[in-house]
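The following account is meant for a reader who meets this protein for the first time. Please keep the sequence and the model in view while reading.

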Amino acid sequence: MQDYEKLGAFYLGREHDLASGTTGTAPLLYDAKDLTTHAVIIGMTGSGKTGLGVGLIEEAAIDGVPVIAIDPKGDLGNLLLTFPDLAAADFEPWVDPAAASTRGKTIAAHASAQAELWRKGLASWNQDGARILRLKEAAEFGIFTPGSTAGIPISVLSSFDAPSAALRDDAEAFAERIQATAISILTLLGIDADPLSSREYILISNILQHSWQAGRSLDLAGLIGAIQSPPIQRIGVMDLEAMFPAQDRFALAMQLNNLLASPGFATWMQGQALSARSLFYTDEGRPRVSVLSIAHLTDAERMFFVTLLLGEIIAWIRAQPGTSSLRAVLYMDELFGYMPPTANPPSKTLFLTLLKQARAYGLGLVLSTQNPVDLDYKGLSNTGTWFIGRLQTERDKNRVLDGLEGAGAGGGPFDRGAMAQTLAGLGKRVFLLHNVHETEPVVFHTRWALSYLPGPLTREQIRRLTRASASAVPVEPPPAADPTPRAAVDQAATTTTARPVLDPGIRQYFLPVTTPGDGPLTYYAQVVGAAEVFFVSRTHDIDVQRAFVFGAEPVDGPVALDWDWAEPIAIDIAALEDQPPADAAFGPLAAPARRAPAYRGWARDYKTWLRTAQALTLYRSKTFKQVSAPGESEADFRIRLQQFARERRDLEVGKLRARYEKSAGRLRERLRAAERDVEEQKAQANQKKIESALSIGGALLGAFLGRKRLSSSTVSRVGTAARRAGYAAREMRDVREAQVEAAELQARLDAEGEAFAADVARLEGEIDAQAEALDTVQVRARSSDIDIRFVALLWSPYRRAADGRTRPA
Ligand SMILES: Nc1ncnc2c1ncn2[C@@H]1O[C@H](COP(=O)(O)OP(=O)(O)OP(=O)(O)O)[C@@H](O)[C@H]1O
Ligand SMILES: [Mg+2]
């Protein structure tokens, strides 16, 4: 019965009949793709919004779609409370002790009752421990706590890192990134910054722009320095000093400095860097569900963090290839104050930008709020799905009705009266689903959550959960390699000399001194090779250019230089100098490196070595017939495959849907006629009403095709009609013809349903990009495609520090 799991269809609940107050049996399936046009969840407190949101996040995770969930209230940590055994002991640490004592129970007894409640609740929604396990294994769940070490801490400092060159080249994205960062900093200082008139904003954004443009990152200390002595003298046509005098800038710098020095702020510097990539995926490329708990922060801190986060997410999506399938979800549990219609907090622009742009990249936003008045209308009109729960006031209802009317609910004319009546009838956990991709709205009851929902977690509970899944804490990347020769450090104690006189045929370069200091400089040598290499492969559709700079130390001996010893070095070739400072000393230089012909040999060796040892290694997936892009990591390649698989699945599902819609639609028409026939006969025979179970095939087809064309209630009517026909057949000879026809049609619908289920099962096997075995492909450059720029002697400056150690200067 759970074949819909494979279809990118989210099981959110079951259709609910308001008139009779009964919930049906057919699952309400929501097409994951529809989420790319975003969703809002609106309902009064206790209406079941968070329960619905949790259900949605669970479905996304089961489908391998990563989620970032912003949690201002502290409820969403419940997503980590998943107990496949449904054992009382699992529940015990998380039950509310107060609830136990009001019930006059021990905590253990209460836990046991809660476990039982969950088991029964899940069972009544056709779910069990196996599905909990499936959820748990589908993604990596973690609670992140910016500004606190209770959960996984997040360092916001990296957000001042210069964005990638690709982002810098995109003028609009670059400007957005600068704006989001500048505003978030000012938010934290409590400065209400208007980009057009605030001089603080203008100064900080100009400083960011200036350093980032040059590819330089800033930290808070650097920013404080830059505010005091800015790298720019003019802003627009204005003289900076006139616009923002040094004395006032000093006051701003002090404010930032006090922030930096405050004891609480240290926690903002700890932990992994704020990065959308690592909140959405593990280092291995597995999807994550990252709960960003901000309940412990002050309002200003929350705004600061949310703004930084949204800026980071915008930058991330822009770097993704376009897609029509759902790639990731951004959920916010309580939107109050972040996208209001009248005020303009920094988060609002960013949310509006996301609502407009995220769709093309497959990022679906799900925004939840108690109060429809909190939502900016511009935001609403960009939203394809509305989940409307019980509303408190007439004003709220009217506001929602206005919105629905404006959004053109359903195909037909908008019946405000009928809709108002529907809204008035909604109860706890009962929502109206309005989806622009569907022909009509539908009322449904949310399914039971797989996660245990005891409500907000305490800091201590978050700490326990985080420690329990310590593996979820990402490791920091190793520091970048030191670009200077290592042996030089070891040799630092050896005698130094004046600059050796070498064959003029030898090219020599000097690394510029970057670390200022006192004390004499000593230069140590290595041989560097710089080359431009073109990798071309028609088979793998590759045509890329790569720069290689390797350094190796020449030694005295039969093999003076072996490129296999070489290490890649990160130097800016354009910045190399031809001459050292006048008073520098020089370390030893192996004899072979003093002869020019040796360099010609090393250049030839370098070329051969680059061709063989520096082949481009690519990953290949046989199932998906895809090859990784040059420089793409295995994890990133798997992430891409996952999305590729999802797109393909959605395409296949679309085809299946079209095919079955057509045939099932025809069957429906004929069965309606048969049903009428049988009803007539039944009425004549004065039969009592017979309840019957749905055929599995019919139910699945109905649930899946949903309200797209074939309503599931029609399918269940069909099923019932057929059963009734069967009953009639036993009882009444004179309805034989009608009943035979109906039974035949029913059999065909069943067969159709089974074929559909089989097609679905076939799709399933094709989408596991995580488990896919990849092989590697080597692309070697041809000799003629390797352009050796030079093989030269590179001198790097060192200085002996006060502690007697020698360090790169
Ligand atoms: N899907 C669900 N499965 C099981 N229990 C649920 C579900 N949805 C809601 N509940 C129960 O109902 C209670 C209230 O629902 P929920 O927290 O979702 O309301 P809400 O609309 O988010 O309220 P608020 O606006 O105060 O946050 C939950 O604490 C939980 O006990
Ligand atoms: Mg809630």
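Which residues does L363 touch, not counting residues up to four places away in sequence? In this predicted model, L363 touches T36, H38, F280, I313, I317, A328, V329, L330, L354 and A358. L363 and L354 are the residues with the most contacts inside the largest nonpolar core, a group of 97 residues. Helix α13, which covers residues 299–318, gives the most to this core, with 12 residues. Another core, of 64 residues, lies apart from it and has A39, F141, L433 and F756 among its members.

These two cores belong to a protein with 24 helices and 25 strands. Of its 809 residues, 54% are buried. The protein exposes about 35400 Å², and carbon and sulfur atoms supply 51% of that area. Among contacts between residues at least 6 apart in sequence, 76% join residues at least 24 apart.

Contacts between residues distant in sequence can be followed at particular sites. S324 is placed in the loop between α13 and β11, the latter spanning residues 328–332. S324 and K33 are separated by 291 residues in sequence, yet their C-alpha atoms are 7.4 Å apart in space. When neighbours within four places in sequence are left aside, S324 is in contact with K33 and T36. T36 is also one of the residues that L363 touches, which links this loop position back to the surroundings of L363.

A second pair of this kind involves T514, in the loop between β16 (508–510) and β17 (521–537). T514 and A809 are 295 residues apart in sequence, and the distance from C-alpha to C-alpha is 6.1 Å. T514 counts as exposed because its relative accessibility is 64%, and the cut-off for exposed is over 50%.

The packing of individual helices may be considered next. Helix α5 runs through residues 129–138, and its buried residues are G129, R131, I132, L135 and A138. An α-helix has 3.6 residues a turn, so residues three or four places apart point the same way. The buried residues of α5 pack against two helices and two strands: α1 (49–62) and α4 (107–124), together with β1 (9–17) and β5 (140–144).

Another packing arrangement joins helix α8, residues 199–213, to helix α11, residues 246–261; the angle between them is about 80 degrees and their axes are 12 Å apart. At that angle, α8 is roughly perpendicular to α11. On the α8 side the contact is formed by R199, E200, L203 and I204, which meet D248, R249 and L252 in α11. The residues of this contact divide into 3 nonpolar and 4 charged, with no polar residue.

Two loop positions deserve attention for their backbone angles. R429, in the loop between α17 (416–425) and β14 (430–435), has a phi near 65 degrees, a positive value in a residue other than glycine. K625 likewise is not a glycine and has a positive phi, of about 50 degrees. K625 is found in the loop between β21 (616–621) and β22 (626–627). Is K625 buried or exposed? K625 is exposed, because its relative accessible area is 72%.

Technical notes:
Residues are numbered from 1 along each chain as its sequence is written. Chains are lettered from A and ligands numbered from 1 in the order in which they are written. This is a predicted model: local features need pLDDT of at least 70, side-chain atom pairs count only at pLDDT 80 or more; totals for chains, interfaces and linings use all residues. Side-chain values use heavy atoms; hydrogens and water are left out. A nonpolar core is a set of buried Ala, Val, Leu, Ile, Met, Phe, Trp, Tyr and Cys residues joined through side-chain atoms within 4.5 Å. Buried means under 20% relative accessible area, exposed over 50%, partly exposed in between (1.4 Å probe, protein chains only). Helices (H or I, at least four residues) and strands (E, at least two) are DSSP runs, numbered from the N terminus. Contact means heavy atoms within 4.5 Å. Axes are lines fitted to C-alpha atoms, for helices over the stretch in contact, and angles run from 0 to 180 degrees between N-to-C directions. Angles under 35 degrees count as roughly parallel, over 145 as roughly antiparallel, 65 to 115 as roughly perpendicular and the rest as oblique. Ala, Val, Leu, Ile, Met, Phe, Trp, Tyr, Cys and Pro count as nonpolar, Asp, Glu, Lys and Arg as charged, and the others, Gly among them, as polar. Accessible areas come from the Shrake-Rupley method with a 1.4 Å probe; for residues, only the protein chains shown count as cover.
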